[in-house]
Amino acid sequence: MKNVATLRLILGDQLNTQHSWFKQVRADVLYTLMEVRQETDVVKPHIQKVAGFFSAMRHFADDLVRMGHRVVYLRLDDPKNEQAFEANLNRLIREHRIARFEYMLPDDYQLDRKLARLAAHLSISSAVTDTEHFLTERGDVARHFQGKKRYLMESFYRQMRRRHDILMDGGKPAGGKWNYDQSNRQRYDGAVTLPETCLFSNDVSDIVAMLDRCQVPTFGRVGPKRLIWPVTRKQALQQLQAFVDQRLPYFGTYQDAMTTESAFLFHSLLSFALNTKMLHPLEVIQTAMDRSRSTSGEAVGIAQLEGFIRQILGWREYMRGIYWAHMPAYASMNHFGHSARLPDYYWTSDTRMNCLRSVISQSLEHAYAHHIQRLMITGNFALLAGIDPDEVDGWYLGIYIDAIQWVEIVNTRGMSQYADGGLVATKPYISSANYIHKMSDYCEACHYHWQKPVGERACPFNSFYWAFVHRHRQLLSGNPRIAMMLRNWDRMKTRKQDDLLAQAEHYRAVLNTL
């Protein structure tokens, strides 16, 4: 390979064919993508996650070659692969006599620091460029909330609406309200027929075989050796169109619902395509808005549209901003001092609690669960049971196809586990079985009785809930959103309180067998 002057690194979550790097084919530029153990071994990953990223990376590299670009792609089993970005880059720089190194800003804090150090110590010139994906800069959220103890997403979201003129009517919110969250909390009752889900059948058998040969520890399954997730931009666009055509009309209404009838309900399933940058957030928003103005098909109401756009324009950008404002300290926050181990059934789904069994089984099958399943089932239980946030963090980062640290860790430690002490969430998101029964059909076929607080086959969520309130009373007492919980606890007779605490203590002692 001759006349190569510049080496450009592309990470596995930077698969953006629309990036300005690729607008011009240059003979003096060499692109490289790498499958490395440095990434696969951070936590034990779901096999679909590794296969999905590697497959998408390989397709992306093929696309670049078809466009005329020069590419060196290092597969995991390549004899020359030194299994770390720094070592591989140093070798490529030597072999190709590279005069300049360039890379896009990583979304991972640790990798960002490693590549910055590498670039600083190289004997050649280097440069870093933006990924051209996000709608904010890294520091925008920190600047927006400068001097504030809590980072309330709503004010940031409204600023984003104004900045990008999305769902605005002049200076006012379209429809007269900024937020339709109160309208979007219905249980799925079967009144609306579930549409077909846009899933794929991508053959990743060669990647699965390679992971087996290389002895990469994984869990979960790909069945039968087919991946349902998009691995090309073409597939991602197809999934986006299918969502806005078939599922967006009911997305908001049922976005918090949970049912054994469907793993996907009316959710978009676009997070993997977005987080790998195969799709841009603005094109997703624009496609949804175009669909809402269409006169064909099911009408898309303002509550449905706003609920979806809030996740992309508000929540996603907000999570990223929190990450860059508070890393690396955020990764070790543990407000409640929780230290218990994650129960074994988080890896097997072998539990008699039907809600956990359903969600974990679904997660093992598809590497996916929607946000309420993650927050109010697996996350809620882990928080009530006092699980170490490190354990919860590692599980979420490993099991979900869309889990990249910048978005996963803030959702886990902040929203789900309240480990940041309320920086993100205004209260701990905990509930007894009552909420689960209200929003799902999980309780109907459960070994445990959702209405029963103590005694044989009493639902563990109930006693765990009150034990949590009692155990952390001092830390919760200053939060006005928790005041009613504390008053309800105080109104109970001492005998009832003792029975609940004893039930919770018993369940904690046999946590792995529940």
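User: Is D140 buried or exposed?

Analyst: In this predicted model, the cut-off for a buried residue is a relative accessible area under 20%. The relative accessible area of D140 is 15%, so by that cut-off D140 counts as buried.

User: Which residue forms a salt bridge with D140, the closest N and O atoms being 2.6 Å apart?

Analyst: The partner lies in helix α5 (residues 140–144), three residues from D140, so that about one helical turn separates the two. D140 also belongs to a network of salt bridges that links E137, D140, R143 and R163. The residue whose closest N and O atoms give the 2.6 Å distance to D140 is R143.

User: How many residues apart are D206 and R58, a pair that links distant parts of the chain?

Analyst: The side chains of D206 and R58 meet in a salt bridge at 3.4 Å, N to O. D206 is in helix α7 (residues 205–213), whereas R58 is in helix α2 (residues 47–67), and the two are 148 residues apart.

User: Of D206 and R58, which is buried?

Analyst: A residue counts as buried under 20% relative accessible area. D206, at 42%, counts as partly exposed, while R58 has a relative accessible area of 10%. The buried residue is therefore R58.

User: How far apart are the closest N and O atoms of D107 and K277?

Analyst: D107 lies in the loop between β4 (100–104) and α4 (109–121), and K277 lies in the loop between α10 (271–275) and α11 (281–293), 170 residues apart. Both residues are buried, and they form a salt bridge in which the closest N and O atoms are separated by 2.5 Å.

Technical notes: Residues are numbered from 1 along each chain as its sequence is written. This is a predicted model: local features need pLDDT of at least 70, side-chain atom pairs count only at pLDDT 80 or more; totals for chains, interfaces and linings use all residues. Side-chain values use heavy atoms; hydrogens and water are left out. A salt bridge is a side-chain nitrogen of Lys or Arg within 4 Å of a carboxyl oxygen of Asp or Glu. Helices (H or I, at least four residues) and strands (E, at least two) are DSSP runs, numbered from the N terminus. Buried means under 20% relative accessible area, exposed over 50%, partly exposed in between (1.4 Å probe, protein chains only).
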